[in-house]
Amino acid sequence: MSITVTAPMRIDLAGGTLDLHPLYLFLERPLTVTASITICSQAKVTPIEGNRVRLISEDLNETLEAENTAELPLGGSLDLLVRAVKFYAPQGGLELRTRSQAPKGSGLGASSSLLMSMSRALGLFSEREDSIHDIIMYGASLEAQNLRIPTGYQDYYGACLGGVNGLEFKVDGHNIRTLYSSPDFFRQLTEFMIISFTGQSHFSGTSNWNMLKRYVDNEGDTVKRMEAIEDTAHQMWDALICEDMNRVAAALDREWQNRRGLAEGVTNERIDAMVLAAKNAGALASKICGAGGGGCMLTLCAPDKRAQVLEALRNRGAEILEATIDTEGMKVV
């Protein structure tokens with residue numbers, strides 16, 4: 001019997017990077033506000049005869065096979081798949097097939113979403129009883145081994161939980177605030193939301209590492225900006241609780257204005273031109289998703305300005321991605 005697991009990706013509304021260990025330990029009230037979206041990753045595990053293991057990435061159009069799990073080589077283009085299979089150590093032969101709906105380097109937490117879907121599928125295949133907390137903790141370690149740099153947690157929670165959540169990071173663990181809004185507000189949030197791909201891939205690890213290093217070295221105004229991002233995350237959460245889209249947009253704009261100066265490469269001429277074009281067309285606010293440097297951009301605009309903003313973004317080379325808020329989280333078939 002095959003096991004298929006689908007997991008949503010996320011947009012970070014405010015407080016991105018504050019989910020990075022150990023950065024959140026340096027702040028007083030670290031909070032990351034994230035929303036799961038209906039752009040997903042999928043992992044499918046199918047048993048095959050013997051002990052042979054076959055890994056297939058439909059996105060990369062690559063296949064890796066080995067006589068057994070122990071023979072799978074680390075370090076290749078399918079390293080994340082290999083590490084997941086080795087960690088969950090399923091007995092018997094299997095085929096692991098993965099795919100992602102996001103463009104490469106999207107900044108939507110695609111690799112983490114994929115890792116969560118793989119983790120759940122492989123865990124069920126191996127008859128393990130891991131909790132959501134377990135696979136998130138394992139996933140952060142596996143992805144750190146894959147990337148060779150510190151990783152954050154918001155992507156994993158977005159993939160597992162669905163909805164809109166405020167993630168608090170503390171010495172004694174993580175606390176999850178879930179937004180329970182009226183159906184009308186969730187619909188309004190979706191109506192205001194535009195997700196576009198800038199056409200440039202990004203590597204979040206490099207940007208996050210630069211931000212962390214600049215914070216530790218107290219370089220420039222990085223500490224001040226990070227504290228402002230922390231405050232803005234709480235402002236964003238309050239605005240969501242109050243169901244006030246104007247305040248949500250204002251918080252999103254403040255987040256971007258502070259984030260764009262955190263490290264070199266967070267923004268560039270192409271991104272700045274897209275943000276300005278959207279604003280001139282009537283958008284309330286825009287920000288790059290994830291650590292920046294490329295990937296996807298979140299724009300908020302009133303429904304009566306949507307057509308003009310979409311046209312402005314397309315004229316600047318953006319690809320519009322169709323997505324709504326995902327309220328289900330990870331799904332198992």
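This is a guided tour of one predicted model, stop by stop, with a selection to make at each.

Residues are numbered from 1 along each chain as its sequence is written, and side-chain values use heavy atoms, with hydrogens and water left out. Because the model is predicted, local features need pLDDT of at least 70 and side-chain atom pairs count only at pLDDT 80 or more, whereas totals for chains, interfaces and linings use all residues.

**Stop 1: strands S1 and S2**

Select strand S1 (3–14) and strand S2 (31–48); strands are DSSP runs of E with at least two residues, helices are runs of H or I with at least four, and both are numbered from the N terminus. Twelve of the twelve residues of S1 are buried, where buried means under 20% relative accessible area, exposed over 50% and partly exposed in between, with a 1.4 Å probe and protein chains only. S1 pairs with S2 in the antiparallel sense over eleven bridges; two strands pair if DSSP finds at least two bridges between them. To see one of these bridges, pick Pro-8, whose partner in S2 is Cys-40. Next add strand S12 (residues 331–332), which runs antiparallel to S1 and is joined to it by two bridges. Val-5 stands opposite Val-332 in S12.

**Stop 2: from S2 to S6 and S7**

Select strand S6 (residues 164–170). S6 runs antiparallel to S2, with five bridges between them, and the partner of Leu-31 in S6 is Glu-168. Six of the seven residues of S6 are buried. Now extend the selection to strand S7 (residues 173–178), which pairs with S6 in the antiparallel sense over six bridges. The two strands are joined by a hairpin through two residues. Glu-168 also appears here, standing opposite Asn-175 in S7.

**Stop 3: aromatic rings**

A search of the whole structure finds six aromatic pairs. Rings of Phe, Tyr and Trp (its six-membered ring) pair if their centres lie within 6.5 Å; planes under 30 degrees apart count as stacked, over 60 as edge-to-face and the rest as tilted. Select Tyr-24 and Phe-169: their ring centres are 5.2 Å apart and their planes stand at 25°, so this pair is stacked. The pair links distant parts of the chain, 145 residues apart, with Tyr-24 in the loop between S1 and S2 and Phe-169 in S6. Both Tyr-24 and Phe-169 are buried. Add Tyr-153 and Tyr-156 to show the aromatic cluster that these two residues form with Tyr-24 and Phe-169.

Then move to Phe-87 and Tyr-88, an edge-to-face pair with 4.9 Å centre to centre and 90° between the planes. Phe-87 is partly exposed, with a relative accessible area of 32%, whereas Tyr-88 is buried at 2%.

**Stop 4: the open sheet**

Display the open sheet of four strands, which has the order S9-S10-S8-S11 with antiparallel pairing. Strand S9 (285–288) and strand S11 (319–321) stand at the edges with a single partner strand each, so one side of each has no neighbour in the sheet. Neighbouring strands are turned by 30° against each other on average, direction ignored; axes are lines fitted to C-alpha atoms, for helices over the stretch in contact, and angles run from 0 to 180 degrees between N-to-C directions. Within the sheet, strand S8 (residues 193–197) and strand S10 (residues 296–300) pair over five bridges, and Ile-195 has Leu-298 in S10 as its bridge partner. Helix H8 (residues 245–259) lies across S9 and S10, running at about 45° to S9.

**Stop 5: helix H5**

Select helix H5 (residues 183–192), whose buried residues are Phe-185, Phe-186, Leu-189 and Phe-192. Viewed down the axis of H5, these fall within an arc of 130°, so they line one face of the helix; the arc is that of the directions from the helix axis to the C-beta atoms. The face turned away from the buried side carries the exposed residues Pro-183 and Asp-184. The elements against which the buried residues of H5 pack include S6, S8, H8 and S10, contact meaning heavy atoms within 4.5 Å.

**Stop 6: the nonpolar cores**

The largest nonpolar core has 39 residues, and those with the most contacts inside it are Ile-11, Val-164 and Leu-240. Such a core is a set of buried Ala, Val, Leu, Ile, Met, Phe, Trp, Tyr and Cys residues joined through side-chain atoms within 4.5 Å. Among the elements giving two or more residues to this core are S1, S2, H5 and S8. Centre the view on Ile-11, whose neighbours include Val-33, Leu-108, Ile-195 and Leu-298, not counting residues up to four places away in sequence. Finally, select Val-85, Leu-115, Tyr-156 and Tyr-157, which are among the residues of a second, separate core of 38 residues.
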